[in-house]
Amino acid sequence: MPELPEVEVTKRGIEKPLLNAIISSIYYDDKSLRQPFSPELKKLVNAQVLKIERRAKYIVITTTNGYLVLHLGMTGHLRVLDHETPMDTHDHFEIGLKSGTFIRYNDIRRFGLVLYFDKTKDPYQCEPLKSLGPEPFSKEFTSEYLFSRLHRLKKSIKQALMDNSIVVGVGNIYASEVLFLTKISPLTPSNKITRKQCEALVEQIPLLLKESIKKGGTTIRDFSGADGKLGYFVQNLYVYGHEGEPCKICGTRIESTVQGQRSTFYCPHCQK
């Protein structure tokens, strides 16, 4: 599943051809994603693109005729293509530009979202965006804030970090990795996390995500950016996917467990 760095890489990849461009066509097929395509998407034809932003794992495109909100789901990706590129089997949505460039959304499992909001609505104050927690790069994400959200929770710190109402963008891969970097066991109850550990998490989470963005994201399964290139941050992973291998720091075998139906990887020596 694309996580925050992969979505940021995708956003940057589509930004250059999209920004200030005029939308000449909108195409969607008859297959529903997580929600059916709205006929109101056609209102975007002849609109100018004013802004492209990322909020959590959503891409928000502001135009003169309303807003387009995209979520890549589990297997979705956007590609920047020319008009001669034929449609693939799982191409479900397309933005055509007057420049002759096309932005196509491909999603094998169809768990993504393509939503339209008209100009009278603020998409950031509507579901699914309004209930999201702070961005990990924002000034609101402080150690005091994190401690205040954690100290009443009994669920594990791994599950808390993946809760988008607490902080966005720390998906399964990066939660395992940042807990290793801060030497915190993923099994620790959230209400046992100290202020000092919160300081370490608030420092390491943005650093980890920025490094992954810099390296094009983490190539897990079939993720690639808008230019089709694969990310290579996977080479930097310490514990995720390394069960049974020696820890790169102490040599202890990496272990795994399941938390909230997601695999967690950790070093039992470094993360006591």
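Leaving aside neighbours within four places in sequence, Lys 57 is in contact with Met 1, Pro 2, Glu 3, Leu 4, Val 7, Leu 70 and His 71. The model in which these contacts occur is a predicted one. Lys 57 sits in the loop that connects β2 (49-55) with β3 (58-63). Its relative accessibility is 16%, so Lys 57 counts as buried, the cut-off for that class being under 20%.

**Annotated active site**

Lys 57 is also one of the positions that UniProt, in an unreviewed entry, gives the feature "active site"; the others in that record are Pro 2, Glu 3 and Arg 262. Of these residues, Glu 3, Lys 57 and Arg 262 are included in the lining of the largest pocket. Pro 2 belongs to the segment that precedes α1 (4-18). Pro 2 has a relative accessible area of 7% and is therefore buried. Pro 2 and Glu 3, both annotated in the record, are among the residues that Lys 57 contacts.

**The four-stranded sheet**

Which strands make up the open sheet, and in what order? The order is β2-β3-β4-β8, and these 4 strands pair in antiparallel fashion. β2 and β8 (113-117) are the edge strands, each pairing on one side only. From one strand to the next, the twist averages 15°. Strands of a sheet pair through backbone hydrogen bonds, in either a parallel or an antiparallel arrangement.

β4 (residues 66-71) and β8 run antiparallel and are joined by 5 bridges. Within β8, Phe 117 is the residue that stands opposite Tyr 67. Leu 70 and His 71, two of the contacts of Lys 57, fall within the residue range of β4. Helix α1 lies across β2 and β3, and its direction makes an angle of about 175° with β2.

**Beyond β8**

Cys 126 is found in the loop between β8 and α2 (143-150). Is Cys 126 buried or exposed? At 19% relative accessibility, Cys 126 counts as buried, because the class takes values under 20%. Apart from neighbours within four places in sequence, Cys 126 is in contact with Phe 117 and Lys 121. Phe 117 thus recurs here: it faces Tyr 67 across the strands and touches Cys 126.

Helix α2 follows that loop. Its buried residues are Ser 143, Tyr 145, Leu 146, Phe 147 and Leu 150. These buried residues pack against two helices, α3 (157-161) and α5 (195-214).

**Domains and annotated spans**

The domain assignment of the protein chain gives domain 1 (4-125) and domain 2 (143-266). Their C-alpha centres lie 29 Å apart. UniProt, again in an unreviewed entry, places "domain: Formamidopyrimidine-DNA glycosylase catalytic" at residues 2-112. The unreviewed entry also places "domain: FPG-type" at residues 238-272. The make-up of the two annotated spans is set out below.

| Span | Helix | Strand | Distance between end C-alpha atoms |
|---|---|---|---|
| Residues 2-112 | 14% helix | 40% strand | 11 Å |
| Residues 238-272 | 0% helix | 29% strand | 16 Å |

The span at residues 238-272 therefore has no helix, with 0% assigned as helix under the run definition used. Arg 262, annotated as part of the active site, lies within the residue range of the "domain: FPG-type" feature, while Pro 2, Glu 3 and Lys 57 lie within the range of the catalytic domain feature.

Methods
Residues numbered from 1 in each chain as written. Predicted model: local features only at pLDDT ≥ 70, side-chain atom pairs only at ≥ 80, totals over all residues. Heavy atoms only, no water. UniProt positions renumbered as here; feature names shortened; annotations may be inferred. 1 Å grid on protein atoms, 1.4 Å probe; cavity = no way out; pocket = protein on both sides within 12 Å on 5 of 7 lines; lining within 4 Å. Buried < 20%, exposed > 50% of the residue type's maximum accessible area, 1.4 Å probe, protein only. Contact = heavy atoms within 4.5 Å. Pairing = 2+ DSSP bridges. Axes fitted to C-alpha atoms, helices over the stretch in contact; angles between N-to-C directions. Domains from an automatic or database assignment.
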